[in-house]
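Please keep the structure open beside this note while reading. The points below are meant to be followed one at a time.

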Amino acid sequence: MNKLIRILYIVLLAVSALLAVLFYVGGNEIDGETPVFTQQFILWAYLLVGIATITAVAFPIIQMITNPQKAKKSLLGVAALVAVVAIAYFFSSGELMKFGSQEMAKFNVPSLLKQVDTGMITTYILFGIAIFATIYSEVSKMFK
């Protein structure tokens with residue numbers, strides 16, 4: 001199985017390298033601006049993103065099925081993150097803003113403003129937790 005994965009990696013790398021070379025030296029289309037192999041390069045990028053997404057979702061699920069003890073710890077972390085987002089959502093505001101221009105007024109939607117505010121508050125909370133954890137770990141090392 002390990003050898004098969006290594007061969008798959010080499011094939012993906014070779015195709016990516018070939019498409020990159022064709023993209024840069026493959027010539028230009030009629031307008032003189034757009035490289036000939038742009039569409040193939042973009043499709044290959046979509047395929048690679050799809051493969052990465054599938055493996056990023058599938059492997060943790062397989063790991064949780066094969067090792068349920070570690071799955072409990074992972075699910076606790078996910079639950080804590082959901083709790084932080086829920087707290088941020090509770091404190092966020094959907095209050096309309098006063099814009100000076102009409103261009104920005106299209107973003108003045110309460111639901112969008114609430115989502116943005118939730119994201120900002122979540123970031124602040126997680127940043128605070130990270131700083132607290134860093135300080136705590138350094139201070140606790142001093143007393144050991």
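Is the crossing of helix 3 and helix 5 left-handed or right-handed?

1. In this predicted model, the crossing of helix 3 and helix 5 is right-handed. A pair of packed helices is described by the angle between their axes together with the distance between those axes. Here the axes of helix 3 and helix 5, the latter spanning residues 110-142, come within 8 Å and cross at roughly 130°, which makes helix 3 oblique to helix 5.

2. On the side of helix 3, the contact is made by Leu81, Val84, Val85, Ile87, Ala88, Tyr89 and Phe91, while helix 5 contributes Lys114, Asp117, Thr118, Ile121, Thr122, Ile125, Leu126 and Ile129. Sorted by character, the residues of this contact comprise 11 nonpolar, 2 polar and 2 charged.

3. Ser92 deserves a separate look, and it is found in the loop between helix 3 (68-91) and helix 4 (102-105). Because its relative accessibility is 7%, and buried means under 20%, Ser92 counts as buried.

4. Two polar partners of the Ser92 side chain can be followed in the model: the side chain reaches the backbone oxygen of Tyr89 at 2.8 Å, and a polar contact of 3.1 Å joins it to the side chain of Thr118. Tyr89 and Thr118 are also among the residues that make the contact between helix 3 and helix 5.

5. When neighbours within four places in sequence are left aside, Ser92 is in contact with Lys114, Asp117, Thr118 and Ile121, and these four residues are listed for helix 5 in its contact with helix 3 as well.

Terms used. Residues numbered from 1 in each chain as written. Predicted model: local features only at pLDDT ≥ 70, side-chain atom pairs only at ≥ 80, totals over all residues. Heavy atoms only, no water. Helix = DSSP H or I, 4+ residues; strand = E, 2+ residues; numbered from the N terminus. Buried < 20%, exposed > 50% of the residue type's maximum accessible area, 1.4 Å probe, protein only. Polar contact = N/O pair within 3.5 Å; in protein donor to acceptor, adjacent residues only side chain to side chain. Contact = heavy atoms within 4.5 Å. Axes fitted to C-alpha atoms, helices over the stretch in contact; angles between N-to-C directions. Parallel < 35°, antiparallel > 145°, perpendicular 65-115°, else oblique. Left-handed = near helix turned anticlockwise from the far one by under 90°. Nonpolar A, V, L, I, M, F, W, Y, C, P; charged D, E, K, R; others polar.
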